[in-house]
Amino acid sequence: MIAEFNVAHIIWLTNLRAAMEFRVAFVMQIVGMMINDCAFLALWILFFQIMGNVNGWGGQQIFALLGMNLMCYGFAFGFAGGSLWMPRYVEQGTFDSFLLSPRNLYIRTIASHFDLAGLGDAILGVILIIVYAVMTGSALSLVWFAALLPATTILFLSVSVICSTAAFYLPDSNHTMMAMFKTFMNPAVYPSALFPKVARFVFIFIIPSLTVGGLPVEAVMSHSFLTLGLVWLIAAIWLLISIAVFYGSVRRYESGNFVGLRG
Amino acid sequence: MTAIIVENLVKTFSLAIRQPTQGRLRNFLRPEKEVITAVDNISFTVPEGQAVAFIGPNGAGKSTTIKMLTGILYPTSGEMTVAGLHPYKNRRELAFRIGTLFGQRSQLVPNLPVRDSFELFGAIYELSPATVRRRQKELIGLFDLAEFVDRPVRKLSLGQRMRAEIAVALIHKPEIIFLDEPTIGLDIVAKKSLREVLGRINREEGVTLFLTSHDVGDIEALCTRTMVVNHGRIVVDESTDALKKDYFAHRPVKMVAVEPSLEEIIQDIYGAKK
């Protein structure tokens, strides 16, 4: 398995070098995404300035929530964004090249592409988490975030892989995949305190949005090992499901010789 | 030793067919399905070191067969082994032992020099940096890549790119090479040079070649045996020489009279006046 991650690392470095060939686009994408994220953060800060705290959540927690979200989105797709490209690979028949590769198919596929904007997310996410630690005066929170980040990133990737396997069942599945993925992703950027009990259960255990957003922040705030364990357990279960769904779906792959035609 | 064994191989695809007589809503809600048999119960063996052409019209099942042999597609039924391995059960082990070139696909990194693709594929095939450097040097010489090996792939001509594609596909010294229309879109000079190199690899290194092509020149230059497929079945399987004798014994010759040049016409008109 270490060999697989070594190869994934080399593929990532190669993709990074390829992206850096276009210097202006490279910088613009990273900085552009950071500016976009800052605008979203500003809206939340404005909201809490007007509304005050909501069920114990305020500006500080929003720094933690967005920091966590951006880090796991950024690390997931800034390092392994191939899952988002799977519909294109399947539709155009370029998935062939991964099947011809002597590597682990799951890792090879997700490592095949990296989202440059995701690197911008990851950088800003780290900055926001550091700001949160400074604001709360808790250096220990950084350790908690570090303990949670691998689990939330794995969960993020697993859900994206499951959504992308729609490509093996449906033609032109890119929009379907994005719709499914946004259903998961959108609730993750809202404070968990806003969710009533039933919705909380649904968005932790069935659509695990809060498990990459609100739940990790709660774990950091309360230093709860139980919540930390729950996040890791949910991530492990979704990882196993994603592996099973991915390999089950690959059997349906029909390849193809896609030729574009424009009228 | 046998490089490829195929027994009763079948591949079917299911396709939704739009019925012109039905309404659009009915076609959308309850489309009729048609089962297409792309490969229909084929069997053959290929000994090690042989160069085989697998030819036929578009849609005959050539690419589908290659894709099953390389582990890309699961067969509907039938058995096969390639280099002693089951392509779909031992996909990763097989990938270390075969090389593939699909003329319509690129596996090189478009924005980086060819040299970077050598290094990437060397790592993917678990070769040591020293082995990669040695193989890279050999292949650059063999395929005459020195002139453009440090140029980004997107800046290469089609002929240069195809040479680079196949060189990179050979970095791990495969025992069997599957080539699906390797010379598609190449000019005569590029085709000739690619055929020469492939022929040399087959003769000197004993590498098995399994080739599909619509170009008779590829087959004549490289392959000692030809299988012709049509509608998913093998209809002819014999030596390329025998095939030429049996099926091309009578060659129609088209004669075209060369038109006189403008200078000759003018000379005719004005010369006659004189």
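A disulfide here is a pair of cysteine sulfur atoms within 2.5 Å. Keep that cut-off handy for the first exercise, and remember that this model is predicted.

**Exercise 1. Work out how many disulfides the structure holds, and why A:Cys38 is not in one.**

Step 1: Start with A:Cys38. The closest cysteine sulfur belongs to A:Cys72 and sits 17 Å away, so it's too far for a bond.

Step 2: Now try A:Cys72. Its nearest cysteine sulfur is that of A:Cys163, at 14 Å, and A:Cys72 is in no disulfide either.

Step 3: Take the count. Over all chains, the structure holds 0 disulfides.

Step 4: While you're there, look at the surroundings. A:Cys38 is partly exposed, at 36% relative accessible area, whereas A:Cys72 counts as buried, at 0%.

**Exercise 2. Trace the open sheet in chain B and find which strands stand at its edges.**

Step 1: Put the strands in order. There are 6 of them, running E5-E6-E7-E3-E8-E9, with mixed pairing.

Step 2: Check the ends. E5 (98-102) and E9 (233-239) of chain B each have a single partner strand, so one side of each has no neighbour in the sheet.

Step 3: Add the twist, which averages 15° from one strand to the next.

Step 4: Zoom in on one pair. E8 (residues 225-230) of chain B pairs with E9(B) in the antiparallel sense over 6 bridges. B:Arg225 stands opposite B:Ser239 in E9(B).

Step 5: Lay on the helices. Helix H2 (residues 62-69) of chain B lies across E3, E5, E6, E7 and E8 of chain B, at about 150° to E6(B). Helix H6 (residues 158-169) of chain B touches E5 and E6 of chain B, and its direction makes about 160° with that of E5(B).

**Exercise 3. Find what B:Leu69 touches, and place that residue in the nonpolar core.**

Step 1: List some partners. Leaving out residues up to four places away in sequence, B:Leu69 touches residues including B:Ile4, B:Phe44, B:Phe178 and B:Phe210.

Step 2: Place them. The largest nonpolar core has 110 residues, and B:Leu69 is among those with the most contacts inside it, as are A:Phe95 and A:Phe156.

Step 3: Don't miss the second, separate core of 49 residues, which includes B:Leu145 and B:Phe148.

**Exercise 4. Describe how much area chain B and chain A bury between them.**

Step 1: Read off the area: about 2,500 Å², with 57% of it on carbon and sulfur atoms.

Step 2: See who takes part. Chain B brings 25 residues to the contact and chain A brings 30 residues.

Step 3: Pick out the big losers in chain B. B:Tyr74, B:Arg91 and B:Arg105 lose the most area to chain A, together 23% of what that side buries.

Definitions and conventions:
Residues are numbered from 1 along each chain as its sequence is written. Chains are lettered from A and ligands numbered from 1 in the order in which they are written. This is a predicted model: local features need pLDDT of at least 70, side-chain atom pairs count only at pLDDT 80 or more; totals for chains, interfaces and linings use all residues. Side-chain values use heavy atoms; hydrogens and water are left out. A nonpolar core is a set of buried Ala, Val, Leu, Ile, Met, Phe, Trp, Tyr and Cys residues joined through side-chain atoms within 4.5 Å. Buried means under 20% relative accessible area, exposed over 50%, partly exposed in between (1.4 Å probe, protein chains only). Contact means heavy atoms within 4.5 Å. Two strands pair if DSSP finds at least two bridges between them. Helices (H or I, at least four residues) and strands (E, at least two) are DSSP runs, numbered from the N terminus. Axes are lines fitted to C-alpha atoms, for helices over the stretch in contact, and angles run from 0 to 180 degrees between N-to-C directions. Buried area is the accessible area (1.4 Å probe) that two parts lose on being put together, summed over both.
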